[in-house]
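Welcome, and thanks for opening the viewer. Let's walk through the model together, one selection at a time.

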Amino acid sequence: MVHSVDIHVGRRVRQRRWLVGKTQGELAEALGIRFQQVQKYESGANRISASRLWDIAQALSVSVGYFFEGLEQEGAGAGKEGQNTQGSTAKPCAHPTVRAMTG
């Protein structure tokens with residue numbers, strides 16, 4: 001099942017790639033992968049690992065945090081108001097891994 005955070009991050013990758021004028025093939029080449037994998041990342045079909053997201057951020061000249069911007073406004077991962085799908089009252093971006101990656 002595709003998670004809303006994966007979709008959001010993929011959309012942000014696509015948006016940034018487009019803004020810097022790179023094709024999927026050019027980004028793929030910079031990452032040492034095939035363009036089909038970039039397609040899957042951008043659609044949210046495949047999750048992007050932390051190390052791959054780091055590489056993507058470097059290739060697109062942004063911080064890793066860029067890909068998570070706007071996540072809370074979209075309510076990604078949210079169930080009831082102020083409560084995520086795991087039953088916690090923390091905001092979706094309060095996950096320790098996201099905090100560590102976004103500084």
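Start with the charged pairs: the count comes to 4 salt bridges. Keep in mind that this is a predicted model, and that a salt bridge here is a side-chain nitrogen of Lys or Arg within 4 Å of a carboxyl oxygen of Asp or Glu.

**Stop 1: R47 and D6**

Select R47 and D6 and show their side chains. They form a salt bridge, with the closest N and O atoms 2.7 Å apart. D6 belongs to helix α1, while R47 sits in the loop between α3 and α4 (50-59), so the pair ties together parts that are 41 residues apart in sequence. Which of the two is exposed and which is buried? R47 is exposed, with a relative accessible area of 57%, whereas D6 is at 17% and counts as buried.

**Stop 2: E69 and R12**

Next, select E69 and R12. Here too there is a salt bridge, and the closest N and O atoms are 3.2 Å apart. This pair links distant parts of the chain, 57 residues apart: R12 is in helix α1 and E69 is in the loop between α4 and α5 (71-74). R12 is buried at 13% relative accessible area, and E69, at 45%, counts as partly exposed.

**Stop 3: E42, R17 and R14**

Now move to E42 and R17. Their side chains meet in a salt bridge at 2.6 Å, N to O. E42 is in helix α3 and R17 in helix α1, so the pair ties together parts 25 residues apart in sequence. Both E42 and R17 are buried. Add R14 to the selection: salt bridges that share partners join R14, R17 and E42 into one network.

**Stop 4: α1 against α3**

Colour helix α1 (residues 4-19) and helix α3 (residues 35-43). How do their axes cross? They come within 6 Å and cross at roughly 125 degrees. That makes α1 oblique to α3. To see the contact itself, select D6, I7, G10, R11, V13, R14 and R17 on α1, together with Y41, E42 and S43 on α3. By class, the contact has 3 nonpolar, 2 polar and 5 charged residues. D6, R14, R17 and E42 from the earlier stops are among the residues that make this contact.

**Stop 5: the buried side of α3**

Stay on α3 and select V38, Y41 and E42, the buried residues of this helix. Look down the axis: they cover an arc of only 95 degrees around it, which puts them on the same side of α3. What do they pack against? Show α1, α2 (24-31) and α4, and you have the partners of these buried residues. Then step on to G44, which follows α3 and has a positive phi, near 85 degrees.

**Stop 6: the whole chain**

Finally, zoom out and switch to a cartoon view. How many helices and strands does the protein have? There are 6 helices and 0 strands, so to speak an order of α-α-α-α-α-α from the N terminus on. Colour by accessibility next: buried residues make up 35% of the 103 residues in the protein. For a last view, draw the contacts between residues at least 6 apart in sequence; 57% of them join residues at least 24 apart.

Key:
Residues numbered from 1 in each chain as written. Predicted model: local features only at pLDDT ≥ 70, side-chain atom pairs only at ≥ 80, totals over all residues. Heavy atoms only, no water. Axes fitted to C-alpha atoms, helices over the stretch in contact; angles between N-to-C directions. Helix = DSSP H or I, 4+ residues; strand = E, 2+ residues; numbered from the N terminus. Parallel < 35°, antiparallel > 145°, perpendicular 65-115°, else oblique. Contact = heavy atoms within 4.5 Å. Nonpolar A, V, L, I, M, F, W, Y, C, P; charged D, E, K, R; others polar. Buried < 20%, exposed > 50% of the residue type's maximum accessible area, 1.4 Å probe, protein only. Arc of directions from axis to C-beta.
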